[in-house]
Amino acid sequence: MSELEKKLLVLRKKIDEIDNEILTLLNKRMEIVKEVGELKNNTNAPIYRPEREKEIIQRLTYLSKQQNGVLGEDEIKAIFLEIFAISRSLERKERIAFLGPEGTFTHQAAESRFGANARYLSLLNIEAVFKSVANKESKYGVVPIENNTEGVVGITLDSLKKYGVKIVAEICMEIHHSFASMQDDLKKIKRIYSHPQAYNQCLGFLETHGLLDVEFIPTESTAKAAELAKNDENSGAICSKIAAKLYNVPLLFEKIEDNKSNRTRFIIISDFKTQKSGNDKTSVIAKTSHKTGALFELLKKFKDKNINLLKIESRPNKDDTFNTWFYIDFEGHIDDEKVKELIESENMIWLGSYLRDC
């Protein structure tokens, strides 16, 4: 055995000993988690507490800094979000509906919060996700609500108005397209599978690597692209990272989109009210009378109460008029007195108050 192998053996033994300690502590944690689950199940209290999870991550990040630890907030978050997800599954098995199919960015967003082993229900349109939650077929739903380059998702806003569910969390996720293939020699790739939108967002990458002249085969989703590339050795797929993982297609390039600042905001919907975190966002639906200055008067009331507006979007009533209603995001929580007073005085429809992530 070489000197290097001897040193590695010593280090690996230390890692094994630490792993044993970690496992012991995790088992202890999960035993307590099961007790928490029993208490919550007796009162039907929600098991998803994003504000509590955020508090834990912030505390551990501060502790790591105090200890001059190697782990920063991103690393701690990545580790503990999976621990939280497993903990929730031990407390209570609940179904999570999401805009499918599997392998989409919405699936990736859902998995980032609920973990790889959750009970997922893939649905083919956004309204079906809302129906699943409203009908108690799923406890949670995950859908996109806006993209920083494409704007809001109208059907999501309309469904929030229609189905009476609540926003309990938001997820801000960077959208990265990846290039996956069973073939590691780009010169041998004869076909590229992709959703047309994703393909057009990666033209710079394709040009740089001499792939613009390769046959492009459009697919209904980037997940489908990965599935097809799995069975076509001389092809590549422009897809999400989770789709490549799902269909076991090797990633050749992880971030190939032209716009590196492409971000999508997803919301998690359910049937309960979240607790205050101190950094909250509230979403409402507001209507105004059809007279001069009505919208100005509404917005002035936010100013008078020193409530910071974050977003306002108009949506059509979808009747025989051209009347509209407004979707509004602002800082604060429904349990804040000034927020509660404003919502009640203006007869707004409260859509949820939740930890601000975007």
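Here, "exposed" describes a residue with over 50% relative accessible area, and "buried" one with under 20%. Keep those two words handy, since this tour leans on them throughout. One more thing before setting off: what you have on screen is a predicted model.

Let's start with the whole chain. The C-alpha trace spans about 80 × 55 × 40 Å along its principal axes, and the chain holds 12 helices and 15 strands. Of its 358 residues, 43% are buried. If you take contacts between residues at least 6 apart in sequence, 75% of them join residues at least 24 apart. On the outside, the accessible surface comes to about 19600 Å², and carbon and sulfur atoms account for 51% of that. As for charge, there are 54 positive and 55 negative side chains, with the centres of the two sets lying 3 Å apart.

Now zoom in on helix α12, residues 337–345. Its exposed residues E337 and E344 sit on the face turned away from the buried side. And the buried side itself? That is made of V339, L342 and I343. These three cover an arc of only 95 degrees around the helix axis, so they end up on the same side of α12. The spacing fits a familiar rule: an α-helix has 3.6 residues a turn, so residues three or four places apart point the same way. The partners that the buried residues of α12 pack against are β12, α11, β14 and β15, the last of these being residues 349–355.

Since α11 turned up in that list, it makes a good next stop. Helix α11 runs over residues 294–304, and its buried residues are A294, L298 and F302. They too cover an arc of only 95 degrees around the axis, which puts them on the same side of α11. Turn to the face pointing away from that buried side and you find the exposed residues F296, K303 and D304. The cover over the buried residues of α11 includes the strands β12 (280–286), β13 (309–316) and β14 (324–331), along with helix α12. So which elements show up around the buried residues of both helices? Strands β12 and β14 do, being part of the cover for α11 and packing partners for α12.

The ends of these helices deserve a look as well. Just after α11, N306 takes a positive phi of about 55 degrees. Just after α12, N347 takes a positive phi of about 50 degrees. N347 lies in the loop between α12 and β15, and it counts as exposed because its relative accessible area is 67%, against a cut-off of over 50%. There is another asparagine to put beside these: N248, which has a positive phi of about 60 degrees although it is not a glycine. You'll find N248 in the loop between α10 (241–246) and β10, and at 55% relative accessible area N248 is exposed.

Loops can also hold buried acidic residues, and E257 is one to click on. E257 sits in the loop between β10 (251–253) and β11 (263–270). Is E257 buried or exposed? With a relative accessible area of 3%, E257 is buried. What does the side chain of E257 make a polar contact with? The side chain of H176, at 2.6 Å. A polar atom of the E257 side chain also lies 2.9 Å from the backbone nitrogen of H177. Setting aside neighbours within four places in sequence, E257 is in contact with I175, H176, H177, Q201 and C202.

D232 makes a second case. Its place is the loop between α9 (222–230) and β9 (235–239). D232 has 11% relative accessibility, so D232 counts as buried. Its side chain is joined to that of R191 by a polar contact of 2.8 Å. Again leaving out neighbours within four places in sequence, the residues in contact with D232 are R191 and Y193.

The last stop is a backbone detail. The peptide bond from G100 to P101 is cis, with omega near 10 degrees. To find it, go to the loop between β1 (95–99) and α4 (105–114), where P101 lies.

Note on methods. Residues are numbered from 1 along each chain as its sequence is written. This is a predicted model: local features need pLDDT of at least 70, side-chain atom pairs count only at pLDDT 80 or more; totals for chains, interfaces and linings use all residues. Side-chain values use heavy atoms; hydrogens and water are left out. Helices (H or I, at least four residues) and strands (E, at least two) are DSSP runs, numbered from the N terminus. Buried means under 20% relative accessible area, exposed over 50%, partly exposed in between (1.4 Å probe, protein chains only). Contact means heavy atoms within 4.5 Å. Accessible areas come from the Shrake-Rupley method with a 1.4 Å probe; for residues, only the protein chains shown count as cover. Lys and Arg count as positive and Asp and Glu as negative; His and the chain ends are not counted. The place of a charge is taken as NZ of Lys, CZ of Arg, CG of Asp or CD of Glu. A polar contact is a pair of N or O atoms within 3.5 Å; within protein, one must be able to donate a hydrogen and the other to accept it, and residues adjacent in sequence count only if both atoms are side-chain atoms. The arc is that of the directions from the helix axis to the C-beta atoms.
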